[in-house]
Amino acid sequence: MGASLIPSTTIFKVLFLVLNSLWFLPELANGAGITRHYKFNVELQNVTRLCHTKSIVSVNGQFPGPPIIAREGDRVVVKVVNHVQNNVTIHWHGVRQLRSGWADGPAYVTQCPIQTGQTYVYNFTITGQRGTLFWHAHISWLRSTLYGPIIILPKKNVPYPFAKPYKEVPIIFGEWWNTDPEAVITQALQNGGGPNVSDAYTINGLPGPLYNCSAQDTFKLKVKPGKTYLLRLVNAALNDELFFSIANHTLTVVDVDAIYVKPFKTDTILITPGQTTNLLLKAKPHFPNATFLMAARPYATGRGTFDNSTVAGLLHYEPPPKSSPSAPSFENLPLFKPTLPPLNDTSFAANFTRKLRSLANTQFPANVPQKVDKRFFFTVGLGTNPCPQNQTCQGPNNSTMFSASVNNVSFVLPTTAILQAHFFQQSNGIYTTDFPATPIFPFNYTGTQPNNTMVSNGTKVVVLPFNTSVELVLQDTSILGIESHPLHLHGFNFFVVGQGFGIFDAKKDPSKFNLVDPVERNTVGVPSGGWVAIRFLADNPGVWLMHCHLEVHTSWGLKMGWIVKDGKMPNQKLPPPPSDLPKC
């Protein structure tokens, strides 16, 4: 697990082997979980893509970073050592972190960052989850290169609720900048404008053949006719939701955000940053005498500029063993390309998300809160801040800077961690508990935008008693344009009980909620010009960030915090912080 210069393609070949042999490891023969130890050396590594070589922040010299592989019920211990000049934290995205909030990772929320030369050990148990999640840096834009998959297998001798695949393949979408992404966001926050967009999307770190100077950096998946493959998709891109398809092949969705769903077939999937999707790919029964492109490109709804390019990989079939000497080589086979939806196809997005349903059976129940203790209505969207005096800005006009908010509060990260302040009851001057449960100034949220687009700024949180049953409606707004926002909640899964376009109607819409088999996940797209309703049980004491997973919007302040108080029983309380918790 130490430093390594292995190219990413080699890492993923090794990962296939590990994944497909892990089922047979003798150490896991009993049902009890084991402890898995990893060491993450955060270090600089030279990487070349699109004919540009640059020094990136990496884990163990790998890009993408190494996989975490565990079974449901296992304890995971990751020692992170920071060898770079940047402050670093790692977030284990989607891991419930039951009573282990000190290991969640968002900088200045659950911990101070790991400074140069320092070490922090993340220690958590994977409870009630199986599927694919991922880890990524959770400070500034470092997650552009600091990310990798978390692969959670079922407990030993517990089968998948679908036929066991022949092989399992991680497919991780990322974004590549030829320049330093830290400089990109720093410049944008200084001038108040939109940040420069990425130069390419990547599959497992590789941009593929549709970009200049990139044909040699193409992800290739070789399959055997008639076999079924489990594709573990992760969208680790910073700022773009993605459509994905494989030419002439149907995909079966079986799991999202490490929760099984009722399987359904589709030619194309939509995956937002922060989401994961497990797909079954059934290879054609016979050698098809063709090669197939797999491709992803953005679903873009906002007014801002975006990287309007396409990442592609190749799906090859193993030829029959007794190929004639004249059998065509891969290069000479016809290449089929998939047809992806239009860039702004919001109706596809809505129809796709409506198909996602929990299994909701005896073995995998959907424990949807049937009663609600507290209801919240949050607007999410863009806004403005005034340009500093004697400065010309590049926001919506030259006197304003772009901002983003929840209920018109743009979140300001404190200079010390909120969780520590909460635990030691020292919140004074660090955060306030007056986050509004509904918008302070209601308006026609999806109609003509109000004249005043200024936000308020503050470090405000909502406080919930332990075991509060919460219903939250997230409403998109038209301020600076309607837009889809993938909202991620730390520390919990939630049930997506309803969604719609226009303004949420508190009298009529709840009667249409699905309280039987709604999808359970940790990141949900708030529909462009619409709303989504979620429910969750606040059964996890700690401080939990909720934010848009479009990194530019998070940087602009589209985030807020939930504090869940301790319960009465010992197993309902947050333990004290570990002794190596970093200091600010």
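Me: What makes Leu279 in strand 17 the partner of Leu231 in this predicted model?
Reply: In this predicted model, Leu279 is the bridge partner of Leu231 in strand 17. The wider setting is the pairing of strand 12 (residues 228-235) with strand 17 (residues 276-282), which runs in the antiparallel sense over 7 bridges.

Me: How do you know that strand 12 and strand 17 pair?
Reply: Two strands pair if DSSP finds at least two bridges between them. Strand 12 and strand 17 have 7 bridges, and therefore they count as paired, since the cut-off is at least two.

Me: Why are strand 10 and strand 15 called edge strands?
Reply: The 6 strands of this open sheet stand in the order 10-9-12-17-14-15, with mixed pairing. Strand 10 (200-203) and strand 15 (259-266) are the edge strands, as each pairs on one side only. Neighbouring strands of the sheet are turned by 25° against each other on average, with direction ignored.

Me: Why is the contact of Arg36 and Asp74 called a salt bridge?
Reply: The name asks for a side-chain nitrogen of Lys or Arg within 4 Å of a carboxyl oxygen of Asp or Glu. The side chains of Arg36 and Asp74 meet at 2.6 Å, N to O, so the pair satisfies that cut-off. The structure holds 13 salt bridges.

Me: What does the salt bridge of Arg36 and Asp74 tie together?
Reply: Arg36 lies in strand 1 (residues 35-49), while Asp74 lies in the loop between strand 3 (68-71) and strand 4 (75-82), so the pair ties together parts that are 38 residues apart in sequence. Arg36 and Asp74 are buried.

Me: Why is Asp517 called buried, and what is Lys262 called?
Reply: Asp517 has a relative accessible area of 11%, and because buried means under 20%, Asp517 is buried. Lys262 has 31%, which falls between 20% and 50%, so Lys262 is called partly exposed.

Me: How do you know that Asp517 and Lys262 form a salt bridge?
Reply: Their side chains meet at 2.8 Å, N to O, and the cut-off is within 4 Å, so the name applies. Salt bridges that share partners join Lys262, Arg357 and Asp517 into one network.

Me: What makes Arg535 and Glu471 a link between parts of the chain?
Reply: The side chains of Arg535 and Glu471 meet in a salt bridge of 2.8 Å, N to O. Arg535 belongs to strand 31 (residues 530-538) and Glu471 to strand 26 (residues 468-476), so the pair ties together parts that are 64 residues apart in sequence. Both Arg535 and Glu471 are buried.

Note on methods
Residues numbered from 1 in each chain as written. Predicted model: local features only at pLDDT ≥ 70, side-chain atom pairs only at ≥ 80, totals over all residues. Heavy atoms only, no water. Helix = DSSP H or I, 4+ residues; strand = E, 2+ residues; numbered from the N terminus. Axes fitted to C-alpha atoms, helices over the stretch in contact; angles between N-to-C directions. Buried < 20%, exposed > 50% of the residue type's maximum accessible area, 1.4 Å probe, protein only.
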